[in-house]
Amino acid sequence: MVKHELPALLPRCEFVHDDANLWLKAWCAKQNWRTQRAVVFLDPYGMSVDWATIEAIAKTQAIDLWVLFPFAIGANRMMPADVLPEKDWGVILTKVFGTVDWINRFYERKSRTDLFGVQRDSVTKIVGADEILEFLSNVYEWRSPM
């Protein structure tokens, strides 16, 4: 598209086919952020952006970051209403949120004893879409090195 619609900009463009997490972290580390700034737009497929990538970008203190968070097909669907997410999904959610705090914030654990003295444990999701997005925003804010 650049070649055909904006050919004058082609020399200023670089097209990289790589894992964005790895490439962005390496790119952030090798730039001189005292003399330049950047804007990064992340439009991930699913839950593919690791928290470490967000941290690497934030540590530059020179990049404006826009993230299209894959909420509908990602986080919310990975969190069932009446059980904790499967282990693999839990690992992904922790990588995205950058903390395991989401478990206690999003789920309530209850324990009760039935008539026969058997202890029954249950887990219930206690947040909706707004609270999950608020949590993510707060995590970005309080974990930022600025």
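This briefing describes the main pocket, two helices, a strand pair and several single residues of the structure above. The model is a predicted one, and every value quoted here was computed from its atoms. The largest pocket encloses about 410 Å³ of space, and its lining draws at least two residues from each of α2 (20-30) and β1 (38-42). Strand β1 also pairs with strand β2 (residues 63-67) in the parallel sense, while α2 and helix α5 (residues 87-97) each place their buried residues along one face.

**The largest pocket**

- The lining of the largest pocket consists of 15 residues, and those that lie nearest its centre are Glu-14, Val-16, Trp-23, Leu-24 and Trp-27.
- When the lining of this pocket is sorted by class, 11 residues are nonpolar and 4 are charged, with no polar residue present.

**Helix α2**

- The buried residues of α2 are Asn-21, Leu-24, Trp-27 and Cys-28; seen down the axis of α2, these residues fall within an arc of 140°, so they line one face of the helix.
- Two of these buried residues, Leu-24 and Trp-27, are also among the residues that lie nearest the centre of the largest pocket.
- The other side of α2 carries Leu-22, Ala-29 and Lys-30, which are exposed.

**Helix α5 and its surroundings**

- In α5, the buried residues are Gly-90, Leu-93, Val-96 and Phe-97; viewed down the helix axis, they fall within an arc of 125°, so they line one face of α5.
- On the face of α5 that is turned away from this buried side, Lys-87 and Asp-88 are exposed.
- Just after α5 comes Gly-98, whose phi is positive at about 75°.
- Phe-135, a residue of helix α7 (residues 129-143), has a relative accessibility of 11% and therefore counts as buried, the cut-off for that class being under 20%.
- Although Phe-135 and Phe-97 are 38 residues apart along the chain, their C-alpha atoms are separated by 8.7 Å, and Phe-97 is itself one of the buried residues of α5.

**The strand pair and its crossover**

- The parallel pairing of β1 with β2 extends over 5 bridges, and within this pair Ala-38 has Ile-63 of β2 as its bridge partner.
- From β1 the chain passes through helix α3 (residues 51-60) to reach β2, and the resulting β-α-β crossover is right-handed.
- Gln-61 sits in the loop between α3 and β2, where its phi is near 55°, a positive value in a residue other than glycine.
- With a relative accessible area of 46%, Gln-61 is partly exposed.

**Exposed loop residues**

- His-17 has its place in the loop between α1 (2-5) and α2, and a relative accessible area of 82% makes it exposed.
- From His-17 to Gly-90 the C-alpha to C-alpha distance is 28 Å, and the two are 73 residues apart in sequence.
- Arg-34 is found in the loop between α2 and β1, where its relative accessible area of 83% places it in the exposed class.
- Arg-34 and Thr-60 are 26 residues apart in sequence, with 8.8 Å between them in space, C-alpha to C-alpha.

Terms used
Residues are numbered from 1 along each chain as its sequence is written. This is a predicted model: local features need pLDDT of at least 70, side-chain atom pairs count only at pLDDT 80 or more; totals for chains, interfaces and linings use all residues. Side-chain values use heavy atoms; hydrogens and water are left out. On a 1 Å grid over the protein atoms alone, a cavity is a set of points where a 1.4 Å probe fits but cannot get out, and a pocket is an open set with protein on both sides within 12 Å along at least five of seven lines; lining residues have an atom within 4 Å of a point. Grid points are joined across faces, edges and corners, and a volume is the space filled by probe spheres set on the points. Helices (H or I, at least four residues) and strands (E, at least two) are DSSP runs, numbered from the N terminus. Ala, Val, Leu, Ile, Met, Phe, Trp, Tyr, Cys and Pro count as nonpolar, Asp, Glu, Lys and Arg as charged, and the others, Gly among them, as polar. Buried means under 20% relative accessible area, exposed over 50%, partly exposed in between (1.4 Å probe, protein chains only). The arc is that of the directions from the helix axis to the C-beta atoms. Two strands pair if DSSP finds at least two bridges between them. A crossover is right-handed if, with the strands pointing away from the viewer, the path from the first strand over the helix to the second runs clockwise.
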